[in-house]
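Let's take a walk through this fold, strand by strand and helix by helix. Keep the viewer open as you read.

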Amino acid sequence: MSLKLYYDLLSQPSRALYIFLKVCNIPFEGKLVNLGKGEHLTSEYKKVNPFQKVPAIEHNGLNMFERYCFVVIFLQMFLIQKLLDAM
Ligand SMILES: N[C@@H](CCC(=O)N[C@@H](CS)C(=O)NCC(=O)O)C(=O)O
């Protein structure tokens, strides 16, 4: 599983997602996007998130932008994995 989290810890939704991934022990590669330096406004980042906001997630070629979507999707993945591990 290659999961990339684009975030800036100054952003509340980024912090929520960062903490969620850590607490659930979901491995991810952190990609810092410095809002103060305008790194979210680059054309390179626009390819990751056309809305040019953080957080964003890249997972298996799929890009996602809304923190609530991530939480629902990853909670399902996390719970399914826990169930499989318990079998
Ligand atoms: N609804 C989005 C909100 C994302 C959002 O508004 N992020 C802000 C930081 S908290 C942002 O990237 N702002 C940069 C800008 O608007 O230029 C979510 O929950 O993920």
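What follows covers the sheet, then two helices, then the ligand shell.

Bear in mind that this is a predicted model.

**The sheet**

A good place to start is β1 (3-7), since several pairings involve this strand. On one side, β1 and strand β2 (residues 29-32) pair in the parallel sense, with 4 bridges. β1 also pairs with strand β3 (residues 56-59), this time antiparallel and again over 4 bridges. From there, β3 goes on to strand β4 (residues 62-64), an antiparallel pairing made by 3 bridges.

Here are the strand pairs side by side:

| Pair | Sense | Bridges |
|---|---|---|
| β1 and β2 | parallel | 4 bridges |
| β1 and β3 | antiparallel | 4 bridges |
| β3 and β4 | antiparallel | 3 bridges |

Some individual partners help to fix the register. Tyr6 is a handy landmark: this residue stands opposite Lys31 in β2, and its bridge partner in β3 is Ala56. Glu58 works much like that for the other strands, as Lys4 stands opposite Glu58 in β3, while Asn63 in β4 is the bridge partner of Glu58.

How many residues lie between β3 and β4 in their hairpin? There are 2, and Asn60 in that turn has a positive phi of about 50°.

**Helix α1**

Next comes helix α1 (residues 12-23). At 1.5 Å a residue, its 12 residues should span 16 Å, and the end C-alpha atoms are indeed 16 Å apart, so the expected and modelled lengths agree.

Which residues of α1 are buried? They are Ser14, Leu17 and Leu21. Looking down the axis of α1, these buried residues fall within an arc of 70°, so they line one face of the helix. That fits the usual geometry: an α-helix has 3.6 residues a turn, so residues three or four places apart point the same way. The cover over the buried residues of α1 includes β1 and α3 (67-86). Turn to the face of α1 pointing away from the buried side and you'll find the exposed residues Gln12, Ile19, Lys22 and Val23. Just after the helix, Asn25 takes a positive phi of about 60°.

**Helix α3**

The same length check works for α3: its 20 residues should span 28 Å at 1.5 Å each, and the end C-alpha atoms are 28 Å apart, which agrees. Buried in α3 are Arg67, Phe70 and Phe74. They cover an arc of only 50° around the axis, which puts them on the same side of α3. That buried set packs against α1, β3 and β4.

The face of α3 turned away from the buried side carries a run of exposed residues, including Tyr68, Cys69, Val72, Leu79, Ile80 and Leu83. Gln81 also sits in helix α3. Is Gln81 buried or partly exposed? With 14 C-beta neighbours inside 10 Å, Gln81 counts as partly exposed. Gln81 and Leu3 are 78 residues apart in sequence, with 16 Å between their C-alpha atoms in space.

**Around the ligand**

Finally, the ligand. The residues around the ligand are Ser11, Gln12, Pro13, Leu35, His40, Lys53, Val54, Pro55, Glu66 and Arg67. Sorted by class, this shell has 4 nonpolar, 3 polar and 3 charged residues. Two names here have come up already: Gln12 is among the exposed residues of α1, whereas Arg67 is buried in α3.

How values were computed. Residues numbered from 1 in each chain as written. Predicted model: local features only at pLDDT ≥ 70, side-chain atom pairs only at ≥ 80, totals over all residues. Near = placed C-beta within 6 Å. Nonpolar A, V, L, I, M, F, W, Y, C, P; charged D, E, K, R; others polar. Expected span 1.5 Å × (residues − 1). Buried ≥ 20, exposed ≤ 12 C-beta atoms within 10 Å, placed from the backbone. Arc of directions from axis to C-beta. Contact = placed C-beta atoms within 7 Å. Pairing = 2+ DSSP bridges.
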